[in-house]
Amino acid sequence: MANLVYKRVSTDQQSTDRQNLVLDEAGIEDPVAFEEDPGTSSRLHPLQRPKFGEVLTYAGPGDTVHISEMFRLVRGTGHILDVLDVLHRDRLALRIHDGAFSAMDLTARHPRTRELLSTVKFMVQTLAAVGELQRDLQRELTYDGLRAAEAKGNKGGQRPAVTAAKAAAIRAGYLGGQSIAGLARDHHVSRGAIRTAVADLMPQHTTNSQDAAAPELPVTLDMPGKVAAFLRVAELEPTERATLDQGVTVRRGQGYTLRVTAVPAIHRRLLDLCQPLDGAPGSTAVPAQRKARREYANRVSTLTGEAP
């Protein structure tokens with residue numbers, strides 16, 4: 001019987017060191033490891049994640065899936081129950097080595113109905129709800145801390161990226177002899193953002209290369225409010241978070257849109273992240289959310305010149 005180890009981190013700034021420590025201490029015999037690409041969001045349903053899909057494809061009846069803690073695999077109660085149903089269907093065991101779930105047999109079924117035991121289901125739902133509450137409280141405290149810092153004149157997070165309005169001034173300043181560091185200070189952005197804005201003007205840039213791709217220029221579009229609300233609580237990269245934070249809210253009757261300026265690659269990434277609004281397999285999507293995502297997809301495709 002195979003021992004399949006699943007690992008995941010939420011951002012590419014994180015590592016699996018802690019997970020490795022817990023799993024190594026567990027003494028798993030002949031582990032076969034599957035690790036999601038860095039930054040795979042916990043909001044993405046586990047059954048839609050590439051590496052967990054590979055786990056299910058590789059596994060055979062009687063094999064065991066090992067994770068360091070429950071929330072490396074699932075986010076909420078719906079995710080947990082969906083995963084347990086699939087593991088039961090494929091006759092796989094689940095072993096959690098740390099946290100509140102580590103002492104529970106989550107695969108226990110009623111001997112006659114073969115349904116998940118009511119006590120197990122209750123504990124799973126209760127502990128998952130507590131975990132979600134903890135994450136929500138952390139998010140609220142972080143938001144309150146940033147607001148307090150802003151009130152004192154400080155701004156947390158990564159420096160904002162160069163907007164289209166600033167790009168021309170930065171390029172003119174660079175051509176006029178200003179240094180990268182000076183431009184970064186003047187425009188309150190990172191040196192990396194300045195280098196990106198003037199990359200084609202720098203000495204090492206090969207201007208006569210026919211194969212070099214032209215740099216993407218920022219484009220502005222209105223993001224539906226339901227999409228913006230979903231993304232604000234999603235796990236985003238610093239650049240994506242900064243893009244949302246710089247968005248301008250435009251009221252539309254009882255709702256709103258968020259006017260966002262970013263290069264097409266960021267728009268496409270944000271569009272990919274709100275895929276869950278279309279509904280996970282086996283679940284019903286909220287029509288208003290699905291419509292909002294389609295509107296955003298159409299706007300992205302129109303501005304970037306791509307097919308929807």
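The accessible surface of the chain comes to about 17600 Å², and carbon and sulfur atoms hold 52% of that surface, with areas taken from the Shrake-Rupley method and a 1.4 Å probe. The model is a predicted one, in which local features need pLDDT of at least 70 and side-chain atom pairs count only at pLDDT 80 or more, while totals for chains, interfaces and linings use all residues. Residues are numbered from 1 along each chain as its sequence is written, and side-chain values use heavy atoms, with hydrogens and water left out.

Of the 308 residues in the chain, 38% are buried, a term that stands for under 20% relative accessible area (1.4 Å probe, protein chains only). Among contacts with a separation of 6 or more, 69% join residues 24 or more positions apart, where contact means heavy atoms within 4.5 Å.

The chain has 11 helices and 7 strands, which are DSSP runs (H or I, at least four residues, for helices; E, at least two, for strands) numbered from the N terminus. An open sheet of 4 strands follows the order β2-β1-β3-β4 with parallel pairing, and its edge strands, β2 (31-35) and β4 (93-96), each pair on one side only; pairing requires at least two DSSP bridges between two strands. Neighbouring strands of this sheet are turned by 25° against each other on average, direction ignored. Strand β1 (residues 3-7) runs parallel to β2 and is joined to it by 5 bridges, with Asn3 opposite Pro31 in β2.

Two helices lie across these strands. Helix α1 (residues 17-25) lies across β1 and β3 (64-67), at about 160° to β1, whereas helix α2 (residues 50-58) lies across β1, β2 and β3, at about 150° to β2; the angles run from 0 to 180 degrees between N-to-C directions of axes fitted to C-alpha atoms, for helices over the stretch in contact.

Conventions:
Buried means under 20% relative accessible area, exposed over 50%, partly exposed in between (1.4 Å probe, protein chains only).
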